[in-house]
Amino acid sequence: GTRPESFLVQYSSEPPDIVFHRGRWLGLIQLVLMNAIISWTWLTFSPFSAISADFLGTTVTDINWLSIIFLFAFGAATPATMIILSRSRPKFAMVTGGLLIIIGSWVRYGAAQLDDNRFVVMLIGQAILGLAQPFALSAPVTYADMWFPPAGWASSRPNLGLKTELIAVLPAFYFNSRMFHQIPRDNMNNGNGQASTIALPAFFIPAAPPGRMQGSAQSNSLPMLRQLLTLLKSPEFWLMFFPFVLLIATFNSFSSIINQILEPHGFSDIESGIAGAILIGVGLVSAAITSPIIGRRGGQLRFIKIGISLLALSYLSFIWAPTAGTIVASYVCAGFIGAFSFSLLPVGLELIADVTHPIPASFSSAFFWMGGQLLGGVLLICVGFLKAGPNAAVPNNLDALGLFGRQEAMAVRRSNSYSTND
């Protein structure tokens, strides 16, 4: 669990003429804000799927495609992100992400004004915003290499993208459910205007700090093709890849359908939004506590084995939590899911950086995010086929009895068909 000495040298041999002035925080704050607005757009419709379906003229199940296309677009844009960041150009990544945020936001604004095909145009806007996220999510690692000294909060390079994402996504569930509950069109218009405003400063962030030429942050890196081949030939990389891709995918799909899990059991959009906020909030606190401790004391693999087992039990418990008759049970399970998910991710990313050295952390972690987003989209597609029918004991539920509910609905339809034939 100890990082190789050569890895430390890569970040400690800074040229003496670099001045780490306070302006470096402006770019990092901008990346946090960009991640925040992208996460808000991703989760705009999840906390109130029924209202969203009515507003967009579609079904609750089809609302999942607003997340699915976002996640697939993320995967499609990741190779371009890796090429840009392999050349140590975080400013270009920020500008590209900011431009895509502005375009996607205005496409969504236009969709909200339409009377026909509103859902189709909204899908296009979601796809454009999905293309923007890997630029904002992966850029913090390379930005920190260029702008920050080795010590301090920003020195945990592999986790910078995750930290900005965690800080960003926390308010999405709670405020989305409150802001958009009453007047979807007006709030959509205001939100998309704010997204454009937040993205604009990305164009004015300096490309490199004084005393450093752009592109020197990772001058010791291997050529990109060699990095790729090194990863693909590494058994350690694949042993880490599959469990953590599954971890990211399950969380992404779960956070997208939490409202659809709780709503059939009589819980409101506000309660679903609070459950999502607890999911992220508890995860933030847990990651902030466990990540430094594990980083100092080691034992990453032991922590990962225990954490993944407890996370699986938490997901299993959430199947029956909505049937408890109180939202508190779902809140508790959501808290455990968030705690274990976000405690595992930073530890895993640090371990990935160790086992894939000398590949830059921004390059190796991009594969994990891409795989997790793509698999998350596939899982969301599968969810649409697992939803119970309207004649189930709990209509349209997604709990453990969902398949039996669908069979029950099919049996009723067959029975009605036989009666008609008679």
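**Briefing: an all-helical chain**

The chain holds 15 helices and zero strands. The model is a predicted one. Of the chain's 422 residues, 54% count as buried. Among contacts in the chain with a separation of 6 or more, 81% are between residues 24 or more positions apart.

**Surface**

- About 17,800 Å² of the chain is exposed, and 67% of that area comes from carbon and sulfur atoms.
- Leu-99, Ile-103, Leu-200, Phe-203 and Phe-204 together make a nonpolar surface patch of about 490 Å².
- One of these patch residues, Ile-103, belongs to helix α5, which covers residues 90-113.
- Ile-103 has a relative accessible area of 40%, so it is classed as partly exposed.

**Helix α6**

- Helix α6 runs over residues 118-147 and has 30 residues.
- Its end C-alpha atoms lie 43 Å apart, which agrees with the 44 Å that 30 residues should span at 1.5 Å a residue.
- The helix nevertheless has a kink of about 40 degrees at Ala-139, shortly before the proline Pro-140.
- Because 26 of its 30 residues are buried, α6 is largely enclosed by the rest of the structure.

**Helix α13**

- Helix α13 is formed by residues 327-355, 29 residues in number.
- From its first C-alpha to its last, α13 reaches 42 Å, close to the 42 Å expected at 1.5 Å a residue.
- Burial applies to 24 of the 29 residues of α13, which leaves the helix mostly covered.

**Helix α10 and the loop that follows**

- Asn-259 is found in helix α10.
- The relative accessibility of Asn-259 is 0%, so this residue counts as buried.
- Leaving aside residues up to four places away in sequence, Asn-259 touches Ser-46, Pro-47, Phe-48, Ser-49, Pro-264, Asp-269 and Ser-272.
- Gly-266 sits in the loop between α10 (235-262) and α11 (269-297).
- With a relative accessible area of 66%, Gly-266 lies above the 50% cut-off and is therefore exposed.
- The C-alpha atom of Gly-266 is separated by 9.8 Å from that of Thr-323, a residue 57 residues away along the chain.

**Points to check in the viewer**

- For α6, the end-to-end distance agrees with the expected span, and the kink at Ala-139 can be looked at alongside it.
- For Asn-259 and Gly-266, the views to set side by side are a buried residue in α10 and an exposed residue in the loop between α10 and α11.

Methods:
Residues are numbered from 1 along each chain as its sequence is written. This is a predicted model: local features need pLDDT of at least 70, side-chain atom pairs count only at pLDDT 80 or more; totals for chains, interfaces and linings use all residues. Side-chain values use heavy atoms; hydrogens and water are left out. Helices (H or I, at least four residues) and strands (E, at least two) are DSSP runs, numbered from the N terminus. The expected span of a helix is 1.5 Å times one less than its number of residues. Buried means under 20% relative accessible area, exposed over 50%, partly exposed in between (1.4 Å probe, protein chains only). Patches are made of residues with over 30% relative accessible area and no salt bridge: like charges are joined within 9 Å, nonpolar side chains (Val, Leu, Ile, Met, Phe, Trp, Tyr) within 5 Å. Accessible areas come from the Shrake-Rupley method with a 1.4 Å probe; for residues, only the protein chains shown count as cover. A salt bridge is a side-chain nitrogen of Lys or Arg within 4 Å of a carboxyl oxygen of Asp or Glu. Contact means heavy atoms within 4.5 Å. The bend at a residue is the angle between axes fitted to the seven residues ending there and the seven starting there.
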